[in-house]
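Good morning, colleagues. I would ask you to keep the structure in view while I speak, and I shall begin with a single residue before turning to wider features.

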Amino acid sequence: MSDPKSIFLKDAAVTSADAPQRAFIRKALGGYYVNRDLQKARYRDWERARDAAAMAKWSAVNDLAANLEKFTANFERNGGKVHWARDAAEAREIILRLVRQAGAKSIVKSKCMTSEEIHLNDALEAEGFGVVESDLGEFIQQLRKEPPYHFVFPCMHVKREAISELFTQHLGTPPTDSPEELTMIARRHLRQMYVDADVGITGANFLVAETGQISITENEGNARLTAALPRVHIALSGIEKVVASLDDLSVLLPMLATAGAGQPMTCYNTFYSGPKRRDEPDGPEEFHLVLLDNSRTRILADPEQRDSLHCIRCGACLNVCPIFKNIGGLAYGTTYQGPIGSVITPHLRGLKQWNHLSGASSLCGACTDACPVRIDLHHHLLHNRRNAAKENPTWFDRIFHRSFLFVTSRPALFSLGGKAFRAFLPLLKKLPVPYMSAWLKTRDLPEAPAVSFRDQWKKGAGRG
Amino acid sequence: MADARTDILARIREALKVKAPRPHLRAEPGDPSPSKAGRPWLPDGGETREASLTILAEQLAKLKAVLLRVPDRAAAAKALADLAGAKGWKRVASHSDSLLEEVNAALPCEVWPVSRDFDKRRLEACDAGVTTCECLVAQLGSALVSSRSSGGRALSILPHAHVIVATADQVVPDLADALAKVRAGNGGEMPSMLSFITGPSRTGDIERILVLGAHGPKELHVILIG
């Protein structure tokens, strides 16, 4: 079986049984919890700041058409060119055309999850274009030929020994167990790439309607180099990234950094408006932005889950999720991992195939508490379960729900059913129960009470 | 077939015909509106200039950036010269600016000016880039540089160290002030690049262990005059 659910169950079983790897992930996240709490303590009111962030995104998304029109008019007035793409194939075609027009020999890319979503690197490589990921984590994942493990910390699952071996194999560098030395190897290797590349491809964290600027958040400086040195800059962004005004970013930028990485502010937050100006010494001659829908309008059409478009991709929900910490990022099989990925992937790729992710949750609500823009994540997992049962009920859903309804709407039958259940429960506990073997492997069914609540009530218990 | 823009905008308008509920907020009825960029709730940037300067110094120290406070331009020139000497810098890149002209004057090494169509490889080989900035943000320890006031896009990111020369009156309490200032200063037109720099370049991609100097400068020095 190779449907997403079977693959997920198989992979998740393997990773969740790997105790040393789970301990490694917990340790890697340990510093994050400490730093996040230290930074949150500097906020005069974190909860109100979340209100402000949530309202900024809510008002932008609920006026998306007007904001996008305003943004594109301003972006083009600044000298950039906007390209609209209905789906992944259109976005790939546009970027391939731009790259061909630029006569590109080499392309350097900074981290962009939207490009992972449309499998851009495969498309570029299939046409013979060399493309290098410049974010350290993405660079390592590209060499490993593996998708990102976590959409903010792409290679957090890889140990330094494995990275050292990878660099020895691909770059011919001597082995080392120092993260500092490994980072410097990548730095030296990639510096040449920025200088030589003709085209730089980046993502965008925010699009500012009021000014026509795109905002890019990063720690390493690779996005700034990618947007400074090559002759052509192409940015790729989902349509939901637009905010109304520059002032919105004065709350969203620090919250993105604190919620996602425990920093006061990410190292570089850069706003681009247009290509190099006449009075500036450098910068690209051309600046393109590809605006991607790719089913985002389907999420928009669901008012109940529309707030999942508020996501600023900080990764906080992954960092606190007990499921993510146990099964790891790769088992999801999605571009966006963790709770937000489990919520939006069924919209992006189909509920029938991807609803199983909604079940991969303890519904503890840690994600909802952590979300800086107040997305109701764990309830959306329930909404997806309900929608899946409505749209494509399994035979079990049908029979179980119909019989449940039949019995519970008939008091006599309900009472009889209860009696039968109490009588059979001890026997049931000895037998293998279908569909519950995984649950019961580590848990016992409760004892049945001798007398039902209804019988106690009839006898007058609790009434005096 | 309609073009993609028309199609996507039509899909959006259709989808938005049904209103979405407002997010569940913590605020009580009658509380101040959260639309004012969340300012009273974000980290403090200081009520007075002295308070802002104290917060700025604390934040820069936590970010592993180096702050040098000097009384005047002559002292700034000496501080920069001492820094270049101590680090053994051989070539420093800078841009044309009246403040920098004075501050760079005492440098014991070559000062290479970036100009139109400069050689990228040559800039990459420089030990440091010396720039001015639009302003410094106390709240987060950030410096706002721009393609207009900081010698373009590459000068503040490509050399191995970055020195920012600023005056105390350039310190603003928070991010919203910084954005208002840059807007007012540019007559409404934004430079093609504006960048909030918060500490030296860093990564935690290997086992979440902090390493400085991932791709951008390994060192960030702020020389603050006044």
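Is B:Asp117 buried or exposed? Please bear in mind as we proceed that the model before you is predicted. A residue counts as exposed if 12 or fewer other C-beta atoms lie within 10 Å of its own. B:Asp117 has 8 other C-beta atoms within 10 Å, and it is therefore exposed. This residue lies in the loop that runs between β3 and α5 of chain B. Its backbone also deserves attention: the phi of B:Asp117 is near 55 degrees, a positive value in a residue other than glycine.

Let me set B:Arg208 beside it. B:Arg208 is not a glycine, yet it has a positive phi of about 55 degrees. Its place is the loop between β10 and β11 (211-212) of chain B. There are 18 C-beta neighbours inside 10 Å of B:Arg208, so it counts as partly exposed.

I turn now to the sheet of chain B. In what order do its six strands stand? The order is β1-β12-β7-β4-β2-β3, in an open sheet with parallel pairing. At the edges we find β1 (66-70) and β3 (110-113) of chain B; each has a single partner strand, so one side of each is left without a neighbour in the sheet. On average, neighbouring strands are turned by 25 degrees against each other, direction ignored.

Helix α3 (residues 73-87) of chain B packs on this sheet, where it touches β1, β2, β7 (161-167) and β12 (219-225) of chain B. The direction of the helix makes about 160 degrees with that of β12(B).

For one pairing in detail, consider strand β2 (residues 91-94) of chain B, which pairs with β3(B) in the parallel sense over four bridges. Within that chain, B:Ser94 has B:Pro113 of β3(B) as its bridge partner.

Finally, the two chains together. In the contact between them, 73 residues of chain B meet 85 residues of chain A. Several elements of chain B each supply at least two residues to its side, including α5 (120-124), α6 (175-185) and β10 (202-203). The most comes from α1(B), with nine residues. By character, the residues on the chain B side divide into 35 nonpolar, 19 polar and 19 charged.

Strands pair between the chains as well: β9 (residues 268-272) of chain A and β9(B) are antiparallel, over five bridges. There, the bridge partner of A:Phe271 is B:Leu194 in β9(B).

Methods:
Residues are numbered from 1 along each chain as its sequence is written. Chains are lettered from A and ligands numbered from 1 in the order in which they are written. This is a predicted model: local features need pLDDT of at least 70, side-chain atom pairs count only at pLDDT 80 or more; totals for chains, interfaces and linings use all residues. Two residues are in contact if their C-beta atoms, placed from the backbone, lie within 7 Å. Ala, Val, Leu, Ile, Met, Phe, Trp, Tyr, Cys and Pro count as nonpolar, Asp, Glu, Lys and Arg as charged, and the others, Gly among them, as polar. Two strands pair if DSSP finds at least two bridges between them. Axes are lines fitted to C-alpha atoms, for helices over the stretch in contact, and angles run from 0 to 180 degrees between N-to-C directions. A residue is buried if 20 or more other C-beta atoms lie within 10 Å of its own, exposed if 12 or fewer, and partly exposed in between; C-beta atoms are placed from the backbone.
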